[in-house]
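The following exercises are meant to be worked through with the sequence and the model side by side. Each task is followed by a solution in steps.

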Amino acid sequence: KIKVIVPMKSILLTPSRTDIIRGERETLKLEIFPGDTTESRHAIWSSSDTNIATVSSNGVVTAKNKGQAIITVKVGNFTRNCTVNVIVPLYAINLDITEMTMNTGDNGVLRVLYLPADTTNRPEFQWSSSNQQVATVRRSSSDRSFIAGVQAVGPGTAIITVSGDGYKATCIVYVPLHLQSISLSKSTINMHVGQSEKLSILLNP
């Protein structure tokens, strides 16, 4: 009896690179060529970092923590890799201060808080003030758009808004009107005995 041996020529692993959300799974596809090879099809799977991503004996990758891991499959003398990027979506943003009272001329700082804090999605943010006569806002720098400086200009209320990539958060800024001085409506009064005079208090401003 003659046994025909069909040697393995190559293997293919797809995709070669993939993004997986933390906590989710993806099955990698392994193909062996030729399909009728008589050599062993036993596949050995491994991960370069099991803290980031693990892989089962069937090629099912589970995303554990953000980062990058290389998934390797070995069949016979052939080896193929898949680069897995574990991503953490951004669900919402807040500001570290949601209300602040400032005196005219004061400066403050606002920072974006990411939810979750370890998200891999950090969009470019734009800042605005609802009333620049009350408070102005200016982001820290082009590469640090999650931080902005606020300056109180005059009395009133302004809403500072930060937005980017569909996310938005606000902070209410109160700038009070401070009393500088008071005076009476008259500084001198000449009166006779038994007379009365009404004085008014004048506030400045």
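**Exercise 1. Locate Pro34 and Pro15, and describe the peptide bond that precedes each.**

Step 1. Pro34 is found in the loop between strand 4 (29-33) and strand 5 (43-47). In this predicted model, the bond from Phe33 to Pro34 is cis, with omega near -10°.

Step 2. Pro15 occupies the loop between strand 1 (10-14) and strand 2 (17-21). The bond that leads from Thr14 to Pro15 is cis, and its omega is near -5°.

**Exercise 2. Determine where Asp165 lies, and whether Asp165 is buried or exposed.**

Step 1. The loop between strand 16 and strand 17 holds Asp165.

Step 2. Although Asp165 is not a glycine, its phi is positive, at about 60°.

Step 3. The relative accessibility of Asp165 is 56%; exposed means over 50%, so Asp165 counts as exposed.

**Exercise 3. Identify the salt bridges and state which parts of the chain they link.**

Step 1. Side chains of opposite charge can pair when their charged atoms come close. With a cut-off of 4 Å between a side-chain nitrogen of Lys or Arg and a carboxyl oxygen of Asp or Glu, the count comes to two salt bridges.

Step 2. Asp118 forms a salt bridge with Arg22, and their closest N and O atoms are 2.6 Å apart. This pair links distant parts of the chain, 96 residues apart: Asp118 is in the loop between strand 12 and strand 13 (126-129), while Arg22 is in the loop between strand 2 and strand 3 (25-27). Asp118 is partly exposed at 26% relative accessibility, and Arg22 is partly exposed at 31%.

Step 3. Glu124 and Arg139 meet through their side chains in a salt bridge, at 2.7 Å from N to O. Glu124 belongs to the loop between strand 12 and strand 13, and Arg139 to strand 14, with their positions 15 residues apart in the chain count. Glu124 has a relative accessible area of 44% and is partly exposed; Arg139, with 25%, is partly exposed.

**Exercise 4. Describe the nonpolar cores and the contacts of Val112.**

Step 1. The largest nonpolar core has 24 residues, and those with the most contacts inside it include Ile93, Leu110, Val112 and Trp127.

Step 2. Among the strands that each supply at least two residues of this core are strand 10 (92-95), strand 12 (107-115) and strand 17 (167-175). Strand 17 gives the largest share, five residues.

Step 3. Leaving aside neighbours within four places in sequence, Val112 is in contact with Ile93, Asn94, Leu95, Phe125, Trp127, Phe146 and Val162.

Step 4. A second, separate core has 20 residues, including Leu28, Trp45, Ala63 and Cys82. Cys82 counts as buried because its relative accessibility is 0%.

**Exercise 5. Characterise the surroundings of Lys64 and of Leu199.**

Step 1. Lys64 is placed in the loop between strand 7 (60-63) and strand 8 (67-75). Its relative accessible area is 40%, so Lys64 is partly exposed.

Step 2. Not counting residues up to four places away in sequence, Lys64 touches Arg22, Thr50, Asn51, Ile52, Ala53 and Thr54.

Step 3. Leu199 lies in the loop between strand 18 (181-184) and strand 19 (201-204). With 38% relative accessibility, Leu199 counts as partly exposed. Together with Ile189 and Met191, Leu199 forms a nonpolar patch on the surface, and the three have about 230 Å² of accessible area together.

Notes: Residues are numbered from 1 along each chain as its sequence is written. This is a predicted model: local features need pLDDT of at least 70, side-chain atom pairs count only at pLDDT 80 or more; totals for chains, interfaces and linings use all residues. Side-chain values use heavy atoms; hydrogens and water are left out. Patches are made of residues with over 30% relative accessible area and no salt bridge: like charges are joined within 9 Å, nonpolar side chains (Val, Leu, Ile, Met, Phe, Trp, Tyr) within 5 Å. Accessible areas come from the Shrake-Rupley method with a 1.4 Å probe; for residues, only the protein chains shown count as cover. Helices (H or I, at least four residues) and strands (E, at least two) are DSSP runs, numbered from the N terminus. Buried means under 20% relative accessible area, exposed over 50%, partly exposed in between (1.4 Å probe, protein chains only). A nonpolar core is a set of buried Ala, Val, Leu, Ile, Met, Phe, Trp, Tyr and Cys residues joined through side-chain atoms within 4.5 Å. Contact means heavy atoms within 4.5 Å.
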